[in-house]
Amino acid sequence: MAVNDPIADMLTRIRNANLARHSTTSIPASRMIHSIAKVMESEGFITGVKEEGEGISRKITVSLKYNEQTRQPVIKRLQRVSKPGLRVYANRKELPRVLGGIGVAIISTSKGIMTDRQARREGVGGEVLCYIW
């Protein structure tokens, strides 16, 4: 089935897997999805990203991360910001801070997909894809 917003689909799959306490979830692959998952992995929200299959049947398997003592998900909330019907852009001076710096905003810039902190350091703005905390 065709998905109009693959980023929102990815975030929903991760959110649902977290609620069900699954260890992994599978997402249809694209370069954008893979880049977002790599940023989430580097920020410590997920433990691993693995791409499987070839051609149209490619999937990205995301390993979710939980607190070891309480078994609570590390990701408390995923929020899509820029949607296909309403794109949200921010220049380098207007980049959002999620929960005063506790959370992460994922930004699509001319230098690739990165967090809000990295974009501030690089001095670039772009499309605000989502917030994670």
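Select Arg15 to begin: at 31% relative accessibility this residue counts as partly exposed, a class lying between buried (under 20% relative accessible area) and exposed (over 50%), computed with a 1.4 Å probe on protein chains only. Arg15 is found in helix H1. Helices (H or I, at least four residues) and strands (E, at least two) are DSSP runs, numbered from the N terminus. Add Lys76 to the selection: Arg15 and Lys76 are 61 residues apart in sequence, and their C-alpha atoms are 8.9 Å apart in space.

The model under view is predicted, so that local features need pLDDT of at least 70 and side-chain atom pairs count only at pLDDT 80 or more, whereas totals for chains, interfaces and linings use all residues. Residues are numbered from 1 along each chain as its sequence is written, and side-chain values use heavy atoms, with hydrogens and water left out.

**The whole chain**

Display the full chain as a cartoon. Three helices and eight strands are present, and along the sequence they follow the pattern α-β-α-β-β-β-β-β-β-α-β. The radius of gyration is 15 Å, close to the 14 Å that the globule rule gives for 133 residues, so the chain is as compact as a globular protein of that length. This radius is taken over C-alpha atoms, and the rule is 2.2 Å times the number of residues to the power 0.38. Along the principal axes, the C-alpha atoms fill a box of roughly 40 × 40 × 25 Å.

Switch next to a surface representation. The accessible surface of the chain comes to about 7800 Å², with 49% belonging to carbon and sulfur atoms; these areas come from the Shrake-Rupley method with a 1.4 Å probe, and for residues only the protein chains shown count as cover. Buried residues make up 40% of the 133 residues. Among contacts (heavy atoms within 4.5 Å) between residues at least 6 apart in sequence, 59% join residues at least 24 apart.

Colour by charge. There are 22 positive and 12 negative side chains, and the centres of the two sets lie 5 Å apart. Lys and Arg count as positive and Asp and Glu as negative, while His and the chain ends are not counted. Each charge is placed at NZ of Lys, CZ of Arg, CG of Asp or CD of Glu.

**Asp5 and its partner**

Move to Asp5, in the segment before helix H1 (6-19). Asp5 counts as buried, at 14% relative accessibility. Which side chain makes a polar contact with the side chain of Asp5? Show Arg80: the two side chains make this contact at 3.0 Å. A polar contact is a pair of N or O atoms within 3.5 Å; within protein, one must be able to donate a hydrogen and the other to accept it, and residues adjacent in sequence count only if both atoms are side-chain atoms. Neighbours within four places in sequence aside, Asp5 is in contact with Arg80 and Pro84.

**Two positive phi values**

Most residues other than glycine have a negative phi. Select Arg21, in the loop between H1 and strand S1 (24-28): this residue has a positive phi of about 60° although it is not a glycine. Arg21 is partly exposed, with a relative accessible area of 32%. Then select Leu99, in the loop between strand S5 (89-90) and S6, where phi is near 50°, again a positive value in a residue other than glycine.

**Two buried loop residues**

Go to Ile75, in the loop between strand S3 (59-64) and S4. Ile75 is buried, with a relative accessible area of 7%. Beyond its neighbours within four places in sequence, Ile75 is in contact with Ile14, Asn18, Met40, Phe45, Ile46, Ile132 and Trp133.

Ser82 follows, in the loop between strand S4 (78-80) and S5. Is Ser82 buried or exposed? At 0% relative accessibility, Ser82 counts as buried. Its contacts outside the neighbours within four places in sequence are Arg87, Val88, Glu127, Val128 and Leu129.

**Thr109**

Finish at Thr109, in strand S6 (residues 104-109). Thr109 is buried, with a relative accessible area of 11%. A polar atom of its side chain lies 3.1 Å from the backbone nitrogen of Lys111, and the Thr109 side chain reaches the backbone oxygen of Gly112 at 2.7 Å. With neighbours within four places in sequence left aside, Thr109 is in contact with Met114, Ala119, Val124 and Gly125.
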